[in-house]
Amino acid sequence: MRREQCKVRLLGKIALAGVGLLALLGSQAGAHPKALAPQRPNFLIIVADDLGYSDVGSFGSEIRTPNLDRLAQSGVRLANFHTYAACSPTRAALLTGASPHNAGFGTMAGDWTPQTEGKRGYEAILTYRVATIADILGRAGYRTMLSGKWDMGGVSDPAYRPAARGFQQHFALIQGAGSHFDNKGVFPDIPTVSYVENGKDILPPADFYSSRTFTDKMIGYLGQGDQNKPFFAMLNFTAPHWPLQAPDQDIARQRGRYTKGYEAIHATRLDRQRRMGLVSRSQAAAPFDTDWPSWQDLPPNLRQLEARRMEIYAAMVSNMDQQIGRIIASLKAKGQLDNTVIIFMSDNGADGGNPLDFGGADWYRWAEKERDMRFDQMGRPGSHVWYGPQWAHVSNTPFRLGKGFATEGGTRVPFIVAGPGIAGRNALSGAFTQVLDIVPTVLDYAGIPSPNGQFEGRPIERLEGTSLKPLLANPTMPALHSADAFFGWELWARRAGRQGDWKIVWQNPPWGPKERWTLYNVAKDPAEQHDLSASHPDVARTMIARWDEWARQQGVVPIPYFPSDWSNVRTHFDWRPAGATSKAPHKKNR
């Protein structure tokens, strides 16, 4: 992703050893009799940042995520759940049930073109054409709270901060990314990032680590206010978004786990996914991009660097899982767990990008001067590294490409849900679902009618999704949406459309043919390897016509595709450990 895009994007410990989460999810009868007959369910939505499809254990990962895995064992995994290709568009849809273009995030802040600047749908703030789920539930008597990433606007205007959008309590990073250990920014023109708590600008605490502090705040909020009221809570981690940073002890637990390299870890994850039923034996995985070197092609010093990057990434995911265990334990202790619907998801696929792509030499000189780029300090406060395209491909196993792309790798993410009214243990659904379905689902479980185009006397966009409640009650349902339903994506001129098992994709070169759509049967080919547009021209023409109509309805502004020099890594291997002298070994400079 480019620099401007990231500007806006940008108490105590509970011992978990020996504590089974299935026990935490068990009955609270006797221990907390007052919590047995609540009127309406609570909701806890947990969002990871740039987490790939295969990055948690119940979706195939070797990373230890016991709390999420036990949550999956108690509920339902949606294996075919889709977001948008980047954080702000997804989060706008998650908060409002309206498409990104209708909510104001047809693009990211700073990514305006001459065609889109000043146009409806491209404001890059969460507009007042939509109401948030916190607005709606708060008016219906819910306590509403948020901790973590905001990324919906409000850097300079409080009217777009959480307090003005329905969250009664909040501790929020206003931008989309920053240091995980303090308030340092990630770009020369954003030296620090902004935190706000309950409407006031603050500095993060001295012992700040993003995942732990966000969880501390949420646990505190859950214990405040009228405990007889149900709650709606959003815990928005910034992990594992770069810069890759984690506590030393978490990194130490990952030492040596990634010396086998990209291909070996990818193959192991794919095998697990097949055994879990996430991927059929007949479905091929997307291959590695041959423009990047294989593990065997890397010299020893670059293997050392790459392995360390992935160790830190895994440590961030593991630490996030520990925090999720803490909040579940807190809910159990308060007698609230049995009546809480818990949703876990990522905001998009894993990010194979690199800040050197959009910052260039100026960014690198700044980072060398202002941030700690030494190999021995990687992952610690002040460190500023990322993990690049090959590990992102592993994270997105078995799909193609990642964040920023309309492919399955960019938009299909892990999704776990458990709680009252959710079907039995370790259920798995392959039905197509999407982030727009979340708001209708929450309203359905809460028994609150849809705003129906009006909220507090102002017109708002209608909800565009479908409640997941029937599917979660019966995960064997073959489909949630009607066979004729069409779903569209567009961001930075990259496009996709889906109806049933058919999907069309328009990608700028070199990731797609110039000025041409491709067609896939994603039920048979989820890795999008076999373009069927020539053999099924009628299907392609029909799908393209439907996308054009969807784009007109959404107000999509036609723009030329963005140049390829910022949207994928070109210089990932140019930063090397001390002593490395070889130039970047990739085969082709894109």
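# Exercises on strands, helices and ring pairs

β6 and β7 form a hairpin with two residues between them. The model is predicted, so local features need pLDDT of at least 70 and side-chain atom pairs count only at pLDDT 80 or more, while totals for chains, interfaces and linings use all residues. Residues are numbered from 1 along each chain as its sequence is written, and side-chain values use heavy atoms, with hydrogens and water left out.

## Exercise 1: a hairpin

Task: How many bridges join strand β6 to strand β7, and which residue stands opposite K184?

Solution.
Step 1. Locate the strands: β6 covers residues 184–187 and β7 covers residues 190–192. Strands (E, at least two residues) and helices (H or I, at least four) are DSSP runs, numbered from the N terminus.
Step 2. Two bridges join β6 to β7, and the two strands run antiparallel. Two strands pair if DSSP finds at least two bridges between them.
Step 3. Opposite K184 stands T192 in β7.

## Exercise 2: the sheet of four strands

Task: What is the strand order of the open sheet of four strands, and which strands stand at its edges?

Solution.
Step 1. The order is β17-β18-β19-β20, and the pairing is antiparallel.
Step 2. The edge strands, β17 (487–491) and β20 (518–521), each pair on one side only.
Step 3. From one strand to the next, the twist averages 15°.
Step 4. Inside the sheet, β18 (residues 494–499) and β19 (residues 502–506) run antiparallel and are joined by five bridges. R498 has K503 in β19 as its bridge partner.
Step 5. Helix α16 (residues 537–554) packs on this sheet and touches β17, β18, β19 and β20. The direction of α16 makes about 115° with that of β18. Contact means heavy atoms within 4.5 Å. Axes are lines fitted to C-alpha atoms, for helices over the stretch in contact, and angles run from 0 to 180 degrees between N-to-C directions.

## Exercise 3: the sheet of 10 strands

Task: Which strands stand at the edges of the open sheet of 10 strands, and which helix lies across β4, β5, β8 and β10?

Solution.
Step 1. Write down the order, β9-β8-β5-β4-β10-β1-β11-β12-β2-β13, with mixed pairing.
Step 2. β9 (200–202) and β13 (427–429) stand at the edges; each has a single partner strand, so one side of each is left without a neighbour in the sheet.
Step 3. β8 (residues 195–197) and β9 run antiparallel and are joined by three bridges. Y195 has I202 in β9 as its bridge partner.
Step 4. Helix α7 (residues 210–222) lies across β4 (143–149), β5 (169–173), β8 and β10 (231–236), and runs at about 170° to β4.

## Exercise 4: two helix pairs

Task: At what angle do α7 and α10 cross, and at what angle do α9 and α12 pack?

Solution.
Step 1. Two packed helices are described by the angle between their axes and the distance between the axes.
Step 2. The axes of α7 and α10 cross at roughly 10° and come within 9 Å. The two helices are therefore roughly parallel to each other. Angles under 35 degrees count as roughly parallel, over 145 as roughly antiparallel, 65 to 115 as roughly perpendicular and the rest as oblique.
Step 3. In the contact, residues of α7 including S211, R212 and T215 meet residues of α10 including N319, M320 and Q323. The residues of this contact divide into six nonpolar, five polar and three charged. Ala, Val, Leu, Ile, Met, Phe, Trp, Tyr, Cys and Pro count as nonpolar, Asp, Glu, Lys and Arg as charged, and the others, Gly among them, as polar.
Step 4. Helix α9 (residues 262–276) and helix α12 (residues 388–395) pack at about 10°, with axes 9 Å apart. These helices are therefore roughly parallel to each other.
Step 5. Y262, I265, H266 and R269 in α9 meet Q390, W391, H393, V394 and S395 in α12. Four of the residues in this contact are nonpolar, four polar and one charged.

## Exercise 5: ring pairs

Task: Is the pair of Y313 and Y387 stacked or edge-to-face?

Solution.
Step 1. A search of the whole structure finds 22 aromatic pairs. Rings of Phe, Tyr and Trp (its six-membered ring) pair if their centres lie within 6.5 Å; planes under 30 degrees apart count as stacked, over 60 as edge-to-face and the rest as tilted.
Step 2. For practice, take F171 and F214: the centres are 6.1 Å apart and the planes at 55°, so this pair is tilted. F171 lies in β5 and F214 in α7, so the pair ties together parts that are 43 residues apart in sequence. F171 and F214 are buried. Buried means under 20% relative accessible area, exposed over 50% and partly exposed in between (1.4 Å probe, protein chains only).
Step 3. The rings of Y313 and Y387 have centres 4.2 Å apart and planes at 15°, so the pair is stacked.
Step 4. Y313 counts as buried at 1% relative accessibility, and Y387 is buried at 4%.
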